[in-house]
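Here is a friendly walk through the sheets, the helices that pack on them and the main pocket. Keep the 3D view open as you read.

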Amino acid sequence: MKNIIHAALISAGAITLSIQPLMAEARDFRLGLITPANHIWTQSAQAFGDALKQETNGEHSVTVFPSSQLGNEAQMVQQLQTGALDMAFLSIAEVSNRVPDFGALYAPYLVDNIDQAAALLQSETATKMLDQLPGSLGVVGIGYGMAGLRQVLSRDPIDNASDLKGKKIRITPFEPIRDFYNAIGAAPTPLPLPAVYDALANGQVDAIDMDFDSILILKFYEQANNLMISNHMMFPMVGVVSGRVWKTLSNEDKALIRSNMKDQLDGIIGRFQDQEKYQEKEMRNLDITITEGNADDFSDAIKVWEETWSRKSKMLPELRAAAAKIKNM
Ligand code: BEZ
């Protein structure tokens with residue numbers, strides 16, 4: 001009898017041992033991003049973590065590192081490549097520095113308004129671009145988010161594009177926006193988001209390239225009170241998982257991460273669509289001078305930009321065609 005029980009225990013142990021590798025490993029994923037705690041991207045990253053925790057009954061969780069705590073986007077991409085960082089919400093800025101095809105998403109006046117930006121980023125054309133990311137950047141792209149359309153906020157009055165000539169204008173550090181302002185004749189000055197308020201306050205820059213949301217939540221209008229509503233560019237973001245980390249996940253975990261992160265990214269797009277209209281009103285109600293700019297005002301710079309980027313990005317014509325379809329809908 002003793003022998004039978006012993007044999008039974010051994011075989012139960014063998015079953016436990018053989019099952020163990022198939023069981024999902026509990027994980028606390030690290031997700032980095034550059035936006036501050038009160039930004040929609042950061043709130044949505046947090047909500048993604050909460051949803052993942054709930055759906056896995058607490059087995060998986062996500063610790064969010066906002067405000068570039070883990071470094072700038074270039075450094076976070078390196079960490080994603082080695083697997084030191086699990087996930088990130090990255091602006092397309094750094095992605096386009098490394099995979100120039102993505103620079104086409106910053107074509108000036110690719111879209112006319114925030115709803116068109118949402119439709120383009122959720123189109124098949126933009127979605128299929130994400131297939132390039134595992135091979136070229138070592139990350140899996142789950143989907144796009146975005147911030148608001150780009151505007152120009154300046155210390156001096158600006159009536160048209162030529163008023164920007166020779167002005168030091170803060171840009172997010174990436175090539176397509178640099179090329180745009182160079183083509184205008186401005187002096188683009190790359191600065192990360194956390195450095196912008198002080199740079200405006202101490203006169204390091206004359207103007208900034210920014211969206212309504214960031215101008216309002218980070219109070220940049222306190223340091224510069226002339227706004228050109230130009231809507232000249234989209235500002236896409238992508239939710240990514242390290243390719244190295246992805247390989248270690250079970251199919252079930254991959255599906256859970258994919259669906260929960262995608263829900264949040266779609267939610268970000270929806271929130272920017274909703275708030276863009278009332279944030280524009282809020283800006284117009286501030287004690288600042290407002291002017292307006294459109295594609296005609298920037299036509300010379302757009303021509304130069306197109307010449308440069310049609311060489312760098314093979315996706316540019318396809319994206320322009322997809323955007324034209326959306327504009328005609
Ligand atoms: C910026 O660098 O301007 C920026 C980055 C992330 C979200 C919004 C703005």
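## The six-stranded sheet

Let's start with a helix and the strands beneath: in this predicted model, helix 8 (residues 175–184) lies across strand 5, strand 6 (168–171), strand 7 and strand 8. Helix 8 runs at about 165 degrees to strand 6.

Those strands belong to an open sheet of six, in the order 7-6-8-5-9-11, with mixed pairing. At its edges are strand 7 (187–190) and strand 11 (289–292), each of which pairs on one side only. From one strand to the next, the twist averages 30 degrees. Within this sheet, strand 5 (residues 150–154) and strand 9 (residues 226–229) run antiparallel and are joined by three bridges. If you would like a pair to find on screen, try L153, whose bridge partner in strand 9 is L227.

## The five-stranded sheet

There is also an open sheet of five strands, ordered 2-1-3-10-4, and here too the pairing is mixed. Strand 2 (60–65) and strand 4 (139–147) are the edge strands, each pairing on one side only. The twist in this sheet averages 20 degrees from one strand to the next.

Strand 4 pairs with strand 10 (residues 235–242) in the antiparallel sense, over eight bridges. One residue pair to look for is V140 with its bridge partner in strand 10, V241.

## Helices on the five-stranded sheet

Helix 3 packs on this sheet, where it touches strand 1 (27–32), strand 3 (87–91), strand 4 and strand 10. The direction of helix 3 makes about 145 degrees with that of strand 3.

Helix 12 (residues 251–285) lies across strand 1, strand 2, strand 3, strand 4 and strand 10. Relative to strand 4, helix 12 runs at about 15 degrees.

## The largest pocket

How much space lies in the largest pocket? The value is about 320 Å³. Of the 23 residues that line this pocket, I34, E73, T172, P173 and L193 are the closest to its centre. Helix 3 (73–82), helix 4 (92–98) and strand 8 (207–211) are the elements that give two or more residues to the lining. Sorted by class, the lining has 11 nonpolar, seven polar and five charged residues.

Where does the largest pocket lie with respect to the domains? Its lining takes residues from both domain 1 (25–147 + 235–281) and domain 2 (151–233 + 288–327), so the pocket lies between them.

Technical notes: Residues are numbered from 1 along each chain as its sequence is written. This is a predicted model: local features need pLDDT of at least 70, side-chain atom pairs count only at pLDDT 80 or more; totals for chains, interfaces and linings use all residues. Side-chain values use heavy atoms; hydrogens and water are left out. On a 1 Å grid over the protein atoms alone, a cavity is a set of points where a 1.4 Å probe fits but cannot get out, and a pocket is an open set with protein on both sides within 12 Å along at least five of seven lines; lining residues have an atom within 4 Å of a point. Grid points are joined across faces, edges and corners, and a volume is the space filled by probe spheres set on the points. Helices (H or I, at least four residues) and strands (E, at least two) are DSSP runs, numbered from the N terminus. Ala, Val, Leu, Ile, Met, Phe, Trp, Tyr, Cys and Pro count as nonpolar, Asp, Glu, Lys and Arg as charged, and the others, Gly among them, as polar. Domain bounds come from an automatic or database domain assignment. Two strands pair if DSSP finds at least two bridges between them. Axes are lines fitted to C-alpha atoms, for helices over the stretch in contact, and angles run from 0 to 180 degrees between N-to-C directions. Contact means heavy atoms within 4.5 Å.
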